[in-house]
Amino acid sequence: MKYLLIPALTTFLSLTVYAQSYEDYIEKSYEYLEKEEFAAAEESIRSAMRLEPGNPHNYALLTNLGTIQQMQGKYEEAILSYTAALSRNQTNVSILESRASLYAQLGETEKAIHDYSAILLNEPAHQDALYNRGVLYLQQRNLLAAEADFDKIIEVNDKTINGRLGHAILEKMRGNYSESERIYNYLIKESPRYWFLYESRADLYFQMGKNGRAMSDINKLFTETEPSAALYVLRGKVKLAQYEKPSAIKDFTTAKEMGYDTVVIDELMKLAK
């Protein structure tokens, strides 16, 4: 498992001499992380900061603490840790990205947009921040703002996947299905093993009523990848549209067992009966 660790942390440890016990606590936190013993890793980080509360590099420890808490589902605590880290290093892109991503996960769209905007204030060409903010604008149906972010990505990098993917989603939302399909076809031709593109195109085909084409993309994903709960839901919807109700119910049931939103599944089940 890969963890988000601030590179500066290992750099300052190797270049500067600190109290041995402070270093020991940090090294122990890494060891616990490797073993996925998150509670112990969390306590090791706290012990290091208690020992040297004024250490200027504690922002990195606070960031790691937030990441560990997020892994454990302690989302509010993770937000507090990221915020504390930012109070010590206000423009750190990695920390802003971590907090923005978590805000987005929690449905705190405005706060996530604020953090991505903070990144872009100092790095206007930051492609990930532009894409993620653009997607959040789409969720708010602020289509013009989203379009501006996606255009900026393409201006910065004309070979981008994300910029054009953003436009594909945007045109789908506008009801410009043919244009959206054209963009997806181009992206898949250029990057035929970017499997997420097939799922996005399959959803577009479903909305267009082209269920045969949708199923073709879905079948490819079931062959080439480990299907997600969302993919089972999409296949179930397509099967439902093709009046294959028993098969659709099986897919919805599988998705529910995999942890998909039960409210959504229950509504789909009603349609399948």
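I began with helix α11 (residues 177-190; helices are DSSP runs of H or I with at least four residues, numbered from the N terminus), whose 14 residues reach 20 Å from first C-alpha to last, close to the 20 Å expected at 1.5 Å a residue, the expected span being 1.5 Å times one less than the number of residues. I note that this is a predicted model, in which local features need pLDDT of at least 70 and side-chain atom pairs count only at pLDDT 80 or more, while totals for chains, interfaces and linings use all residues. Residues are numbered from 1 along each chain as its sequence is written, and side-chain values use heavy atoms, with hydrogens and water left out.

Next I looked up which residues of α11 are buried (under 20% relative accessible area, with exposed over 50% and partly exposed in between, for a 1.4 Å probe and protein chains only), and found S180, E181, I183, Y184, L187 and I188. They lie on the same side of α11 because they cover an arc of only 160° around the axis, taken from the directions from the helix axis to the C-beta atoms. The face turned away from that buried side carries the exposed S178 and K189. Among what covers the buried residues I found α10 (162-174), α12 (195-208) and α13 (211-224), contact meaning heavy atoms within 4.5 Å.

I then checked I218, which touches A202, L231, L234, R235 and V238, leaving aside residues up to four places away in sequence.

Terms used:
Helices (H or I, at least four residues) and strands (E, at least two) are DSSP runs, numbered from the N terminus.
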